[in-house]
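Reader: Can you walk me through the ligand site? Short answers are fine.

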Amino acid sequence: MFELKKIKQQQKQLRKTKFSVGILAAVFLGIILFSISQAWSQQPVVLNMLITAPDAQPWKQGLIKDFETKNPGIRINLIEGPNATNLLEDLYTSAFILGDSPYDLVNMDVIWTPKFAAAGWLLDLSDRLTKKELAAFSPKDVEAGRYEGKLYRIPVRSDVGVLYYREDLLKQAGFQPPETFADLLKISKSLKEQGKINWGYIWQGRQYEGLAAMFVEVLEGFGGFWVNPNTLEVGLDKPETLKAIAFLKDTIQEKISPPGVTTYIEEDTRRIFQSGQAAFLRSWPYVWPLANAADSPLKGKIGIQSMVGTPGNNGGACLGGWGLGISKSSKHPKEAWKAIQYFTSEQAQRRFILNAGFVPSRRSLFRDPKIVAKYPHYPKLLEIVDKAVLRPPIAQYAQASDILQRYLSGALTNRMTPERAMQAAANETRRLLGK
Ligand code: GLC
């Protein structure tokens, strides 16, 4: 009897204990769930952006940190891609084709907007900025962000092809800076014969987008054209194009440019020039601060001007540059726009430019006292930017450029005669454009 009572009491006790443990567990679980949800709601929004490797440093130095300090709820995740712009474009393109893009901010080269917009990958930003706000940017940079009247890309920085020369060597030898392709060859030969340099002229000759950018300048200098964006007329099989190719081939044949020039992209060419081996370099303004750095053998020895031409034809300067759009599939378009507003603001651009020597896209910055104090050549650069030529702003640009790169590279590396190569390039381009 006594035993039975004891057992019952024990069972009651056990039920009580189970009940309290249950309550405790539920409370505990509740606390955990509450803290997770709290932590989750305080998680910053992460904006992903893909960028070429050489550009990553200047973005990281200050620009991103400043934005994140001002906006603690937003983080920018910078993903470093390949150096060549066309390879970066391929990565963005495959991501968009696969569906929901992992990128929120789309860091676009000046030539990408028509294709990305035509494919429907970008948010329309037309009503985000007033006319007055847009007027603060270089008109060509803004134009490059439009497609069929709508705006998809806001300029972060501009870019323009320029010719660097060794001011010290030219002065010593009594030469004025060159005006024509013939001057460039003559000065190069002479300085080479005097043993002052190993090479005369360095340019980007690899089969990639930089080859097309470099080539439009030479083409313009010989009075030729690639594609007329209004009529879609193709000029690749015209005599001017063949003259432009002949000039480039001459530089190699006459040993003014190294044989490896047909494999170089921007950074290869900068290293050769900056090591003091060459008299001239065609590149972009980012080279200037690097070549003038305290540890550079060229510090204080270089001049900068626009590309040379032929009598009657001014040299062309290719418009480059980068801007930001928002991926249509981004889950954070509001935060992405906040980031764009900051990165394209005058304050952020000033900092970016002082840091990296990039070309401003805001016109006022070309004459900004702080910027001019560091880069005295900027007011002159604005003149070059205003005259710059666009690569054809057409939706099929990537394919058109690919055709030109392939055949031009074939001609420069003697795999095809320039005539045959350009005939084929012109025909393929006409087929592409439905001509
Ligand atoms: C620079 C220019 C860009 C161009 C590229 C070619 O990055 O800003 O517009 O397409 O060089 O290599």
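Author: What follows covers the ligand and its surroundings. Keep in mind that this is a predicted model.

Reader: Which residues come nearest to the ligand?

Author: Asp109, Asp159, Glu266, Gly321 and Arg391 come nearest, out of 13 residues around the ligand.

Reader: Polar contacts next. How far is the side chain of aspartate 109 from a ligand oxygen?

Author: An N or O atom in the aspartate 109 side chain is 2.6 Å from an oxygen atom of the ligand. For arginine 391, a side-chain N or O atom is 2.8 Å from a ligand oxygen.

Reader: And tryptophan 284? How far is a polar side-chain atom of that one from a ligand oxygen?

Author: That distance is 3.3 Å.

Reader: How much of the ligand's accessible area does the protein cover?

Author: The ligand on its own has 310 Å² of accessible area, and the protein covers 91% of that.

Reader: OK, pockets. Which one does the ligand take?

Author: The largest pocket.

Reader: Which elements give two or more residues to the shell?

Author: Helix H9 (209-221) and strand E11 (319-326) do. E11 gives the most, with three residues.

Reader: What's the class mix in the shell?

Author: Five residues are charged, four are polar and four are nonpolar.

Reader: Last one. Which domains does the shell draw on?

Author: At least three residues come from each of domain 1 (46-159 + 320-389) and domain 2 (162-318 + 392-433).

Note on methods: Residues numbered from 1 in each chain as written. Predicted model: local features only at pLDDT ≥ 70, side-chain atom pairs only at ≥ 80, totals over all residues. Heavy atoms only, no water. Near = heavy atom within 4 Å. Polar contact = N/O pair within 3.5 Å; in protein donor to acceptor, adjacent residues only side chain to side chain. Areas by Shrake-Rupley, 256 points an atom, 1.4 Å probe, with all protein chains shown as cover. 1 Å grid on protein atoms, 1.4 Å probe; cavity = no way out; pocket = protein on both sides within 12 Å on 5 of 7 lines; lining within 4 Å. Sits in = over half its atoms within 2 Å of the grid points. Helix = DSSP H or I, 4+ residues; strand = E, 2+ residues; numbered from the N terminus. Nonpolar A, V, L, I, M, F, W, Y, C, P; charged D, E, K, R; others polar. Domains from an automatic or database assignment.
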